[in-house]
Amino acid sequence: KGGIMKKIILSLIVLLFLCINLSASIAITLKAVGDVSIIRNEKISKAGNGTELENKDQLETKENSYAAVKFIDGSSVIKIFPSSILTINADKGDTGKLNKTTNLKVGELWAKVTKKTGGFVIDTPTTVVSVKGTSFNVDVDENGGTVINTFEGSVEMKNKKNGKTAIIGAGKHGKSDGDGHIEVIDGNTTQEDKNADSATKILEIELENSEGDPKTITIELE
């Protein structure tokens with residue numbers, strides 16, 4: 001009996017430990033390529049495929065590195081491009097859905113957000129970006145200037161300096177800066193699915209940077 005009781009107690013301890021870990025985790029890295037680090041409680045560790053992420057974790061990608069992150073409720077996927085710094089947060093709202101907030105200090109990300117799965121906000125030094133189910137790209141320069149490219153649905157931009165807002169619809173891009181300016185432009189903002197029938201989906205996205213120069217970014221999703 002003593003041996004059985006010890007096994008039961010041990011199983012309960014393991015189950016409790018797993019529940020604690022599960023409740024602490026809000027996202028997971030689907031993929032981490034190159035030099036991708038996590039800063040948690042002032043400690044730095046290397047991110048790999050399948051690394052669990054917690055509230056206030058800061059992800060930093062160095063040159064020629066990137067990471068793909070998925071939130072545990074399955075609602076949103078983010079790709080963080082090279083030379084970017086991103087902090088993630090999430091909490092359960094009154095409806096029990098996971099409300100996601102990410103802070104993009106500098107760099108670039110692409111996100112796909114599913115509708116009706118809790119709030120999704122990206123905070124930059126100059127702008128608050130609110131999303132309700134769409135596919136979009138955010139680019140933040142060293143001065144905090146923010147460029148949004150929307151591929152599906154719509155995104156709301158709010159300038160922090162004066163509270164001005166703008167809706168960036170599909171096929172358009174918006175610019176916001178530290179002086180309170182917001183500009184919405186019809187642009188060459190499209191994305192094309194490739195290898196849709198294979199295990200890996202490739203998205204090629206044509207857009208413009210903050211200077212108006214064309215560029216192509218590639219998203220690889222498992």
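Reader: What makes up the area that the chain exposes?
Author: The chain exposes about 12,000 Å², and carbon and sulfur atoms supply 53% of it. The area comes from the Shrake-Rupley method with a 1.4 Å probe. This is a predicted model: local features need pLDDT of at least 70, side-chain atom pairs count only at pLDDT 80 or more, and totals for chains, interfaces and linings use all residues. Residues are numbered from 1 along each chain as its sequence is written, and side-chain values use heavy atoms, with hydrogens and water left out.

Reader: Why are E9 and E10 called paired?
Author: Pairing takes at least two bridges found by DSSP. Four bridges join E9 (residues 98-113) to E10 (residues 120-123), so the two strands pair. They run parallel. Strands here are DSSP runs of E, at least two residues long, numbered from the N terminus.

Reader: How do you know that E10 also pairs with E11?
Author: Four bridges join E10 to E11 (residues 127-131), so the definition is met again. These strands run antiparallel. They form a hairpin with three residues between them.

Reader: Which residues stand opposite isoleucine 122?
Author: Threonine 102 does, and so does valine 129 in E11.

Reader: What makes a set of residues a nonpolar core?
Author: Its members are buried (under 20% relative accessible area, 1.4 Å probe, protein chains only). They are Ala, Val, Leu, Ile, Met, Phe, Trp, Tyr or Cys, joined through side-chain atoms within 4.5 Å. The largest such core has 33 residues; Ile122 and Val138 are among those that touch the most other members. E9 gives the most to this core, with five residues.

Note on methods: Buried < 20%, exposed > 50% of the residue type's maximum accessible area, 1.4 Å probe, protein only.
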